[in-house]
Amino acid sequence: MMSGDLVYVLNGPNLNLLGTREPAIYGHDTLDEIAGRIEDRARELGLAVDIRQSNHEGHLVDWLHEAQAKGARAVLLNAGAFTHSSIALHDAIKAIGVPVIEVHLSNPHAREDFRHRSFVGRAAKGTIAGFGAESYLLALAATATFGG
Ligand code: DQA
């Protein structure tokens, strides 16, 4: 598989707790289960995925840079609460030539006011939110339309 077929799937803080974290909002699937579904769909689409999670903002910045260095086709980024606070992630997305799709399980616009501002979304190519784990699969399908 060529590096242009590679999609990074980056997950931010607290997403390691999926499955037990506020299931009424985020569902009962663990991140590992969601990752398995992303891998299955990637195989069907002829894409390779590199799926990671960190609770640390700087790791996400480093991985965005790495996606560029590796010539990735796209990044799917669920930055968790850093979405609403991180100018560093905004700047990293702007700094790399790789298209980034903002992904959320929930629909932040239907929730508290503090979730309505997205520093990630202001730099991203697009956003898919509100479809639970399916948000990742829809975003992955979108990357299949990008040149790679
Ligand atoms: C989230 C939405 C964010 O507002 C929240 O801080 C998260 C998860 C989502 O996937 O719905 O941690 O990114």
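This report walks through the ligand site of a predicted model.

Let's start with the neighbours. The ligand is surrounded by Arg 21, Tyr 26, Asn 78, Gly 80, Ala 81, His 84, His 104, Leu 105, Ser 106 and Arg 115. Sorted by class, this shell holds 3 nonpolar, 5 polar and 2 charged residues.

Three residues of the shell place an N or O atom close to the ligand, and the table sets out these pairs.

| Residue | Part of the residue | Atom of the ligand | Distance |
|---|---|---|---|
| Arg 21 | N or O atom in the side chain | oxygen | 3.0 Å |
| Ala 81 | backbone N or O atom | oxygen | 3.2 Å |
| His 84 | polar side-chain atom | oxygen | 2.7 Å |

So much for single contacts; how much of the ligand does the protein bury? Taken alone, the ligand exposes 320 Å², and 99% of that is buried by the protein.

Now for the space itself. The ligand occupies the largest pocket, which offers about 170 Å³ of space. Its lining is made up of 16 residues, and those nearest the centre of the pocket are Arg 21, Tyr 26, Gly 80, Ala 81 and Arg 115. These five names also appear among the residues around the ligand. By class, the lining of this pocket counts 7 nonpolar, 6 polar and 3 charged residues.

Arg 21 and Ala 81 are worth a look on screen: both lie nearest the pocket centre, with Arg 21 reaching a ligand oxygen through its side chain and Ala 81 facing a ligand oxygen with a backbone atom.

Note on methods
Residues numbered from 1 in each chain as written. Predicted model: local features only at pLDDT ≥ 70, side-chain atom pairs only at ≥ 80, totals over all residues. Heavy atoms only, no water. Near = heavy atom within 4 Å. Polar contact = N/O pair within 3.5 Å; in protein donor to acceptor, adjacent residues only side chain to side chain. Areas by Shrake-Rupley, 256 points an atom, 1.4 Å probe, with all protein chains shown as cover. 1 Å grid on protein atoms, 1.4 Å probe; cavity = no way out; pocket = protein on both sides within 12 Å on 5 of 7 lines; lining within 4 Å. Sits in = over half its atoms within 2 Å of the grid points. Nonpolar A, V, L, I, M, F, W, Y, C, P; charged D, E, K, R; others polar. Points joined across faces, edges and corners; volume = space filled by probe spheres on them.
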